[in-house]
Amino acid sequence: MNEVHPDVGRGMALASALVILMLSCFMMAPSEAWAAERLMVLTGTTLIEDVVKDVGGARVETRTVIPGAACPGHYDMRASDIAAFARADIILLHDWQRGQSHIKAMLATDAGAAGKVRVPEASGNWMLPQVQARGTAAVTALLAEADAAFAEDYARRGGERVARIGAVGEEVREAVKRAGVVGQPVIADAMQRPLLEWMGLRVVADYGRFEEMGAEALGRAMTAAREAGAVLAVDNLQSTGGAGAALAADLGARHVVLTNFPGGFPDAPDWESSLRRNVEIVLGALRDSVSVAEAHGDGGTMSPVPVASTTLRTACPAPVGLP
């Protein structure tokens, strides 16, 4: 029987290894195929970006027009944004963004950009779980349409995210109920009104940018808040910033600032962590109040807000829906 020389054997083994390596380059695993030739998605805000990253995963590359902490209506576009509009395969904007002057000007610089714009139809404040779920479904459908070969993957991941959104919403609402704050009167930036009412708080007056409201409208809001015994003044990071601190001082109320977009707070990069952080801030402020009973003047029949009993996490959770 002929024997194979050791050097020849090693050569054959090496050749075999090279063949296997070459074949692997042409026969990619599903996860590698998913990541190949990624879809470039330009998103209008971090609310849409969070959905795209979660549902698209390694399949997408994203860039966002408006940073999380910036005011969408007062953001100055950069030269790099123009290049991003031109490079994008699909541009996902909120309906309200289409009429903004800087977005319209950006689209006008590229004749083909307008044809790439898609609007996820989900009216309302995307920080609310029910609206976030509708927004996720709408974004998922648009990604599947733009990248049809992977439509089933988008659908699966989108469904997982929607389920997670429902679970998070129920958990947070239960935590708020257990804290005993439902029905408390607050004054708030109009942008935060939907979230506070979803939590069960009673928004007795709202306000916008002071320079846009005027003294008379602001005075009416303060009168309503004072008469209702508002215990909290809630600003919106992206619009009024910390301006409500002056209102809180006049009312003898606590003051907080919430975010309307993921990434507004450094420790809250996605929708879930932003929602949880907002709720923690509100409950923490109410806990630090003397007591709900004293705030309402009801003779002590209500106990202080038990924030410590809630199940809210203080650490940033993993992005919603990711395996």
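Here is a walk through this structure, from the overall build down to single residues. Keep in mind that the model is predicted.

Let's start with the big picture. The protein's secondary structure amounts to 13 helices and 8 strands. It has 323 residues, and 47% of them count as buried. Its accessible surface is about 15,300 Å², with 58% of that belonging to carbon and sulfur atoms. How do the contacts spread along the sequence? If you take the contacts with a separation of 6 or more, 61% of them come from residues 24 or more positions apart.

Now for the interior. In soluble globular proteins, nonpolar side chains tend to be buried together. Here the largest nonpolar core holds 52 residues, and the members that touch the most other members are L196, L232 and L275. Which element gives this core its largest share? That is helix α12, residues 271-288, with 8 residues. There is also a second, separate core of 15 residues, and among its members are M40, A84, A88 and M106.

L232 is worth a click in your viewer. Setting aside residues up to four places away in sequence, L232 touches P185, V186 and I187, then A253, R254, H255 and V256, and finally V282, A285 and L286. L232 also opens strand β7, which runs over 232-236.

Follow the chain on from that strand and you reach T240, in the loop between β7 and α11 (244-251). Is T240 buried or exposed? T240 is buried, because its relative accessible area is 8%, and the cut-off for buried is under 20%. Its side chain makes a polar contact with the side chain of D235, at 3.1 Å. D235 also turns up among the contacts of T240 beyond four places in sequence, together with D189, Y207, G208 and R209. As for Y207, it sits 33 residues from T240 along the chain, and their C-alpha atoms are separated by 8.9 Å.

Next, head over to helix α3, which covers residues 46-56 and contains I48. At 0% relative accessibility, I48 counts as buried. What surrounds it? Leaving aside neighbours within four places in sequence, I48 is in contact with T43, the run L92, L93 and H94, and also P120, W126 and V139. F261 is 213 residues from I48 in sequence, yet the C-alpha to C-alpha distance is 9.6 Å.

D50 is in helix α3 too. This residue is buried as well, since its relative accessible area is 8%. Where does its side chain point? It reaches the backbone nitrogen of W271, at 3.0 Å. Not counting residues up to four places away in sequence, D50 touches W271 along with D270 and R161. W271 is also where helix α12 begins, as that helix spans residues 271-288.

G56 has its place in helix α3 as well, and it counts as buried because its relative accessibility is 0%. Along the chain, G56 and L143 are 87 residues apart, while their C-alpha atoms are separated by 7.8 Å.

For a contrast, look at G115, in the loop between α5 (101-108) and β4 (117-118). Its relative accessible area is 51%. The cut-off for exposed is over 50%, so G115 counts as exposed. The C-alpha atoms of G115 and I90 are separated by 8.8 Å, with their positions 25 residues apart along the chain.

Last stop, the aromatic rings. How many aromatic pairs does a search of the whole structure find? The count is 1. There is a cation over a ring to look at, too: R173 lies over the face of W198, at 5.3 Å from the ring centre.

How values were computed: Residues are numbered from 1 along each chain as its sequence is written. This is a predicted model: local features need pLDDT of at least 70, side-chain atom pairs count only at pLDDT 80 or more; totals for chains, interfaces and linings use all residues. Side-chain values use heavy atoms; hydrogens and water are left out. Rings of Phe, Tyr and Trp (its six-membered ring) pair if their centres lie within 6.5 Å; planes under 30 degrees apart count as stacked, over 60 as edge-to-face and the rest as tilted. A charge sits over a ring if NZ of Lys or CZ of Arg is within 6 Å of the ring centre and within 35 degrees of the ring normal. Helices (H or I, at least four residues) and strands (E, at least two) are DSSP runs, numbered from the N terminus. Buried means under 20% relative accessible area, exposed over 50%, partly exposed in between (1.4 Å probe, protein chains only). Contact means heavy atoms within 4.5 Å. A polar contact is a pair of N or O atoms within 3.5 Å; within protein, one must be able to donate a hydrogen and the other to accept it, and residues adjacent in sequence count only if both atoms are side-chain atoms. A nonpolar core is a set of buried Ala, Val, Leu, Ile, Met, Phe, Trp, Tyr and Cys residues joined through side-chain atoms within 4.5 Å. Accessible areas come from the Shrake-Rupley method with a 1.4 Å probe; for residues, only the protein chains shown count as cover.
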